[in-house]
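Work through the exercises below with the sequence and the model side by side, and try each task before reading its solution.

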Amino acid sequence: MNLEFNIAVHVLSFLVKHDNQQFSSQSLAKLTCLNPVQLRRVTTVLNQYQFINTSRGKNGGYSANHSTASIKLSVLYRIFVLEKDSQQRIFTGHEQSDCEISRNIAKTMSHYNQKEHRVILNFYDTLTINDVINDTLQEDTTYDTL
């Protein structure tokens, strides 16, 4: 999970909840408590995938469309987490190391990382933006803890 994934879920949920309205980037950023630059970075992607309607100009803004409510969180996870090109190093070790653990740890952890993503995708594949709204608006929601 990362911030852009959370921003996407938040913005889509907000727009579906207010589906008969259109919001400028400034007003949407304020209403969702987000930085306008971060918001626009995410809404640009959401618009590219046609998850939202965007109109330009003085009276332009963002709004939900006919498919926004049914977007699966797994799709958003793929876009905003898995497909992000991270230059950050996440594995340790080195293939030329004298230590057997150091030579092979990156392969092992890479396999675990792939399995982790499959588990997460399977979980998020069962949830839509509508589910997020329903869960968020429930006052007595109880979640399992680890």
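A residue is called buried when its relative accessible area is under 20%, exposed when it is over 50%, and partly exposed in between, with a 1.4 Å probe and protein chains only. The model is a predicted one, in which local features need pLDDT of at least 70 and side-chain atom pairs count only at pLDDT 80 or more, while totals for chains, interfaces and linings use all residues. Residues are numbered from 1 along each chain as its sequence is written, and side-chain values use heavy atoms, with hydrogens and water left out.

**Exercise 1. Cysteines**

Task: Find how many disulfides the model has, and classify cysteine 33 and cysteine 99 by accessibility.

Solution: Begin with the rule, which asks for a pair of cysteine sulfur atoms within 2.5 Å; by this rule the count is 0 disulfides. Next, cysteine 33 has a relative accessible area of 70% and is therefore exposed, whereas cysteine 99, at 36%, counts as partly exposed.

**Exercise 2. The largest nonpolar core**

Task: Work out which elements give two or more residues to the largest nonpolar core.

Solution: A nonpolar core is a set of buried Ala, Val, Leu, Ile, Met, Phe, Trp, Tyr and Cys residues joined through side-chain atoms within 4.5 Å. The largest one holds 34 residues, of which Phe5, Leu15, Leu46, Leu76, Phe80 and Ile129 touch the most other members. Helices (H or I, at least four residues) and strands (E, at least two) are DSSP runs numbered from the N terminus, and those giving two or more residues to this core are helix 1 (3-17), helix 2 (25-31), helix 3 (36-48), strand 2 (61-64), helix 4 (73-82), helix 5 (100-124) and helix 6 (129-137). Helix 1 supplies the largest share, 9 residues.

**Exercise 3. A buried threonine and the hairpin**

Task: Decide whether threonine 43 is buried or exposed, and describe how strand 1 and strand 2 are joined.

Solution: Threonine 43 lies in helix 3 and, because its relative accessibility is 1%, counts as buried. With contact meaning heavy atoms within 4.5 Å, and leaving aside neighbours within four places in sequence, threonine 43 is in contact with Val11, Ile52 and Tyr62.

Turning to the strands, two of them pair if DSSP finds at least two bridges between them; strand 1 (residues 52-55) and strand 2 run antiparallel and are joined by 4 bridges. Asparagine 53, for instance, has serine 63 in strand 2 as its bridge partner. The two strands form a hairpin with 5 residues between them, and glycine 57 in the turn has a positive phi of about 105°. From strand 2, Gly61 and Ser63 point one way and Tyr62 and Ala64 the other way, and all are buried.

**Exercise 4. Salt bridges**

Task: Identify which residues are joined into one network by salt bridges that share partners.

Solution: A salt bridge is a side-chain nitrogen of Lys or Arg within 4 Å of a carboxyl oxygen of Asp or Glu, and the count by this rule is 3. One of them joins arginine 41 and glutamate 4 at 4.0 Å, N to O, a pair that links helix 3 with helix 1, 37 residues apart. Glutamate 4 also forms a salt bridge with lysine 84, the closest N and O atoms being 3.0 Å apart, and lysine 84 sits in the loop between helix 4 and helix 5, 80 residues from glutamate 4. Lysine 72 and aspartate 125 meet in another at 3.7 Å, N to O, which links two loops 53 residues apart in the chain. The bridges that share partners thus join Glu4, Arg41 and Lys84 into one network.
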